[in-house]
Amino acid sequence: MSLRYDTFYVGSEWVRPATDRTINPLNASTEEPLGHVPEGVEADIDNAVAAARAAFDAPSGWASWESGRRAEVMDRFADAIDRRADEFVARVSAQNGMPVAVARQLETGYPSAVLRFYGGLARELSVTETRPGLFGGSIEVRKLPVGVVAAIVPWNFPQALSMFKIAPAMASGCTLVVKPSPETVLDAYLLAEAADEAGVPAGVLNIVPAGREVGAHLVAHPGVDKVAFTGSTTAGRGIAETCGRLLRPVTLELGGKSAAIVLDDADLDLAKIGEGLFGATLLNNGQTCFLGTRVLAPRNRYAEVVDAFTTFAGSLTIGDASDPATQIGPMATAQQRDRVESYITKGRGEGARVTTGGGRPKGLERGWFIQPTVFADVDNSAVIAQEEIFGPVLSLIPYDDVDDAVRIANDSDFGLGGTVWTADPERGLAVAHRVRTGTIGVNRYIPDPAAPFGGIKASGLGRELGPEGLTGYQQTQTVYL
Ligand code: NAD
């Protein structure tokens, strides 16, 4: 793959960048260059915000459109994305190491489904509601688009996480400037081409790949009305501070360290639960925010759970992300692999026992591979149990009884996801209700476009997806009549 782009998609045109700096993504499985795109600088962000601002502020612009008309554009956009499905899969998995089997499920069909879901909500959108006033007269309550949205996304699910923002923003009548992460830029160009083909009106969607400092410029830009961010908790805190100072609405989807609670009645037959367990604990090479990487196991079945997870993680197929048989691909960057390896060293230093993995796989000298790793005998206060590793590393923590399991699950700075594994779904639900996180699953976990997704505590603020996700892109105006 060698793809070269020399322009940005701004104002429905392909405009020249302000400098000749480039971003040069590498193939995570082979370390080979994949091409280049221009690297956005502050002036490029200024142009993109101006285009989004003009599209939003125009009296007969996108925001003024009847929402069903916006939905037609969104449906065409979804169709144009679907037509590029194979290319999205190839680009995403080459750049960030996501196995193609995962990319096909979550980086193509999923984003277009989110777009169609919000197109459907746009068709039903009731912008104005009239109600009687308590003291006479009547009152009009209007749900207005919040304005120009700065959407900043990470590299791990670049398309899905962009669409979590683009779809509700478009549905409510907002315009956007999207800033992809430098690791995953080539798929962003495919998205721009799809928008172009679908006839998304000028300035509604603008895409400028750039680094952190330029991202910070976008967050603080006077032309921006709302910030939607997915990324690390550290960056999220900085963005929240800026938005706090500016009194600018912000949605933050940040890190996680979720618990997978194995109850004492759980069926550990991997033939039955393996696929669900994979999606909930090791999906995308462990580079997924909601994964249950703290596995809580009852003491009376601890040895059995350790055996099951050791077999499960140890038998996954590691390889080039472009191979359909691959279950675990490489880390997205060399830096990310260093980070994961440093946590494995810390885990060993803390006295935890590696039962499988713990190093680099043999025969894969190129690419940033790391073996799926299971640590047993982990205390929940250990660094590997408290900090987000963002790699294929699981910590198995014993518990005494269900109260103890719930206490350990909640003993975390994060509060994003989690799962409960049990033969009795009602019992699982009762335990799930006691876990303090934004989302949780019983015997499965996959964010559904119809349901709100997001975290509490250090995992973030606000919700994406579901009808609830639309409210983050609306503001309310009351008219007393
Ligand atoms: P990151 O925070 O380093 O970067 C994310 C994006 O923000 C990138 O586009 C980056 O260029 C930009 N950025 C970084 N600092 C910025 C700043 N100060 N101002 C503006 N933009 C800035 O995160 P990452 O390493 O790319 O992604 C991994 C992290 O994302 C993990 O912590 C993971 O848990 C989190 N994540 C969360 C969710 C969720 O929905 N909660 C989903 C996926 C990933």
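**Close-up views of the ligand site**

**View 1. Polar partners of the ligand.** In this predicted model, an oxygen atom of the ligand lies 3.0 Å from an N or O atom in the side chain of Trp155. The side chain of Lys179 likewise has an N or O atom that is 2.9 Å from an oxygen atom of the ligand. The backbone takes part as well, for a polar backbone atom of Leu254 is 2.6 Å from a nitrogen atom of the ligand. Taken alone, the ligand would expose 840 Å², and the protein buries 91% of that area.

**View 2. The residues around the ligand.** The shell holds 27 residues, of which Val153, Arg212, Ser232, Leu254 and Glu388 come nearest to the ligand. Sorted by class, the shell consists of 15 nonpolar, 8 polar and 4 charged residues.

**View 3. Helices and a strand in the shell.** At least two residues of the shell come from each of helix 7 (212-219), strand 11 (226-230) and helix 8 (233-246). Helix 7 gives the most, with 4 residues.

**View 4. The pocket and the two domains.** The ligand takes up the space of the largest pocket. Residues of the shell come both from domain 1 (3-254 + 458-480) and from domain 2 (259-448), so the ligand lies between these domains.

Notes
Residues are numbered from 1 along each chain as its sequence is written. This is a predicted model: local features need pLDDT of at least 70, side-chain atom pairs count only at pLDDT 80 or more; totals for chains, interfaces and linings use all residues. Side-chain values use heavy atoms; hydrogens and water are left out. A residue is near a molecule or strand if one of its heavy atoms lies within 4 Å of it. A polar contact is a pair of N or O atoms within 3.5 Å; within protein, one must be able to donate a hydrogen and the other to accept it, and residues adjacent in sequence count only if both atoms are side-chain atoms. Accessible areas come from the Shrake-Rupley method with a 1.4 Å probe; for residues, only the protein chains shown count as cover. On a 1 Å grid over the protein atoms alone, a cavity is a set of points where a 1.4 Å probe fits but cannot get out, and a pocket is an open set with protein on both sides within 12 Å along at least five of seven lines; lining residues have an atom within 4 Å of a point. A molecule sits in a cavity or pocket if more than half of its atoms lie within 2 Å of its grid points. Ala, Val, Leu, Ile, Met, Phe, Trp, Tyr, Cys and Pro count as nonpolar, Asp, Glu, Lys and Arg as charged, and the others, Gly among them, as polar. Domain bounds come from an automatic or database domain assignment.
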